Amino acid sequence: KAVVVDFAIFDCDSAMAGSLFVSAPAAPSVRVFSEFRSRSRACPRVASQLPTGLNAINGSTRKSVEGISSGLGSQFFSARSLAGRREVSADSFEVDVASRKFVVTSEQKKHAPLLGCVPTQAEVSTSTSTGPKLITLLGSSGSIGTQTLDIVRERPDKFKVVGLACGRNVKLLVEQIKEFKPQIAAISDKSLYDDLKDAVDSLNLDVSERPILTCGQEGVVEVARFGDSEVVVTGIVGCAGLLPTLAAIEAGKDIALANKETLIAGGPVVKPMLLKHGCKILPADSEHSALFQCLQGVPPGGLRKIILTASGGAFRDWPVEKLKEVKVADALKHPNWDMGAKITVDSATMMNKGLEVIEAHWLFGANYDDIDVVIHPESIIHSLIEVQDTSVIAQLGWPDMRLPILYSISWPERVATTWSPLDLVKLGSLNFRAPDFRKYPCIPLAYQCGRVGGSMPAALNAANEQAVALFLQEKVSYLDIYRLLERTVETHSAEVIQDPTLDDILQVDAWARREVSHQAKSLV
């Protein structure tokens, strides 16, 4: 008896899309019908490279499809049965390359039906360039920015700065211009442009060393897309980094991603653009860099589970009952890492870990059920992966952000440094425990929003940025952060956009910030 299956391809690359073909076998073991609707629009290469007759299929027109070309390996798809409305999960649906058929099985385990944003081993650069790699740095005055420049300072033979952009720190930006001599520089705050120009004039640089100066959001975007830089390091905090990142991708540049909001809020837009322009994302935060490093050499389909480690933040040893007493100064005392104020508060609430779960989903194509979080107080194991044979691979190192930043701009090369190596004997022991969701309710909230998908992660991210900003201004309490997020997410749940455009994401971002500010008034 034929089984009729309706399946949707999620974020396929052009090779797989081009391998699908239409046929009408006389007696297939499984009769498969395909509907291509909004999913192909979400991935332009798929829509443009489907075989003749397939890209015209809509909800009312179906054609039988069988098999894929050999040599691509098994790929998994989300599927449901139309026969008798019987549900067939993605666990039960596989492409059998050997028999060139779509096969419905009963026990087949699915792993990562989405393709990730990070490059695979097959995409390792074959460049023979012997000069330093050209990089652009967005957020040059922040923690990520200054540590990136520490790397350039130590290894000028490997890296050269093309562009710099920062928010308001004119003094530091001018010092960076003097030392690193970029071709272009921007200050995000337009009111400080004249100060920047005067300060650069006072340097009396040669004409060949004087950078183009610009300002505002438009200026940061111009820096992102400028010149011959190969990699753009996105160290801008929050959703403000989304537009410059998209501009860099449109200019064909790889992204060293330290701004997690780019994928959390903009994943539905960013991922198709990466495919369209042939760009790569290299994670520059410690956890996702660790996962990326662990995956080197793991074959396609080999990943079984992602395990994100978390320090536990400033309140990991506080009883839940004491959290009502938290002050801003308490939340900014991170036990292991030296970071900016916003991310340090996110570490205290562990919203940063919730957001990292969503980011891992986009970066590595992992399902939310296959992403775990574990508290690791020492912050030595930066994250782990479990592969299909149950082996667990971890990346270890001292808590030093320079290492993940370095790997993001040097991949696939391993660049020698003078940094102190990890001493396991000195370290002595490592500890782990499960997160307490009473203390960290932001973690399950992030999982919930990630599973909803669409515009919901953008709403969560924007709400969190605004709530943390209000907390840092001492306008709301520490426990109010979660209350504001919960209320905003609940309000947005009735208006989620499942296939958002860039404009949709920006509008949801603006709405969520206003909503948090409005809700905050009722908490006073």
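**Close-up 1. Strand S11 and its partners.** Thr 136 sits opposite Val 232 of S11, in a model that is predicted rather than solved by experiment. The strand carrying Thr 136 here is S7 (residues 133-138), which runs parallel to S11 and is joined to S11 by 4 bridges. S11 (residues 231-234) also pairs with S12 (residues 254-257), again in parallel and again through 4 bridges. On that side, look for Val 233, whose bridge partner in S12 is Ala 256. Which way do the side chains of S11 point? Val 231 and Val 233 go one way, Val 232 and Thr 234 go the other, and all of them are buried. In a regular strand, side chains alternate between the two faces of the sheet. To get from S11 to S12, follow helix H8 (residues 242-250): the three elements make a right-handed β-α-β unit.

**Close-up 2. The largest nonpolar core, with Leu 460 in the middle of the story.** This core has 94 residues. Those with the most contacts inside the core are Ile 281, Ile 306, Phe 315, Phe 364, Leu 460, Phe 471 and Leu 485. Which helix gives the core its largest share? That is H17 (residues 456-472), with 10 residues. If you zoom in on Leu 460 and skip its neighbours within four places in sequence, you'll find contacts with Met 351, Leu 355, Ile 358, Leu 445, Ala 446, Cys 449, Leu 485 and Val 489. There is also a second, separate core of 33 residues, and Ile 135, Ile 187, Leu 196 and Met 401 are among its members.

**Close-up 3. A four-stranded open sheet with a helix lying across it.** The order of the 4 strands is S15-S14-S16-S17, and their pairing is mixed. S15 (371-375) and S17 (392-396) are the edge strands, each pairing on one side only. On average, neighbouring strands in this sheet are turned by 20 degrees against each other, ignoring direction. For a closer look at one pairing, take S16 (residues 381-387) and S17: they run antiparallel and are joined by 5 bridges. Ile 385 stands opposite Ile 393 of S17. Helix H10 (residues 286-295) lies across S14 (303-310), S16 and S17, and runs at about 40 degrees to S16.

**Close-up 4. Phe 292 meets Tyr 407.** The model has 5 aromatic pairs in total. One of them is Phe 292 with Tyr 407, a tilted pair with 5.9 Å from centre to centre and 55 degrees between the planes. Phe 292 belongs to helix H10 and Tyr 407 to helix H14 (residues 402-410), so this pair ties together parts lying 115 residues apart in sequence. Are these two rings buried or exposed? Phe 292 has a relative accessible area of 2%, so this residue is buried, and Tyr 407 at 6% counts as buried too.

**Close-up 5. Phe 315, Tyr 478 and the aromatic cluster around them.** Here the pair is edge-to-face, with ring centres 5.0 Å apart and planes at 75 degrees. Phe 315 comes from the loop between S14 and helix H11 (328-331), while Tyr 478 is in helix H18 (residues 478-492); the two are 163 residues apart, and the pair links these distant parts of the chain. Phe 315 counts as buried at 1% relative accessibility, and Tyr 478 is buried at 6%. Which residues make up the aromatic cluster with Phe 315? Trp 318, Phe 471 and Tyr 478 join Phe 315 in one cluster. Phe 315 and Phe 471 also turned up in Close-up 2, among the residues with the most contacts inside the largest nonpolar core.

Methods:
Residues are numbered from 1 along each chain as its sequence is written. This is a predicted model: local features need pLDDT of at least 70, side-chain atom pairs count only at pLDDT 80 or more; totals for chains, interfaces and linings use all residues. Side-chain values use heavy atoms; hydrogens and water are left out. Buried means under 20% relative accessible area, exposed over 50%, partly exposed in between (1.4 Å probe, protein chains only). Two strands pair if DSSP finds at least two bridges between them. A crossover is right-handed if, with the strands pointing away from the viewer, the path from the first strand over the helix to the second runs clockwise. A nonpolar core is a set of buried Ala, Val, Leu, Ile, Met, Phe, Trp, Tyr and Cys residues joined through side-chain atoms within 4.5 Å. Contact means heavy atoms within 4.5 Å. Axes are lines fitted to C-alpha atoms, for helices over the stretch in contact, and angles run from 0 to 180 degrees between N-to-C directions. Rings of Phe, Tyr and Trp (its six-membered ring) pair if their centres lie within 6.5 Å; planes under 30 degrees apart count as stacked, over 60 as edge-to-face and the rest as tilted.
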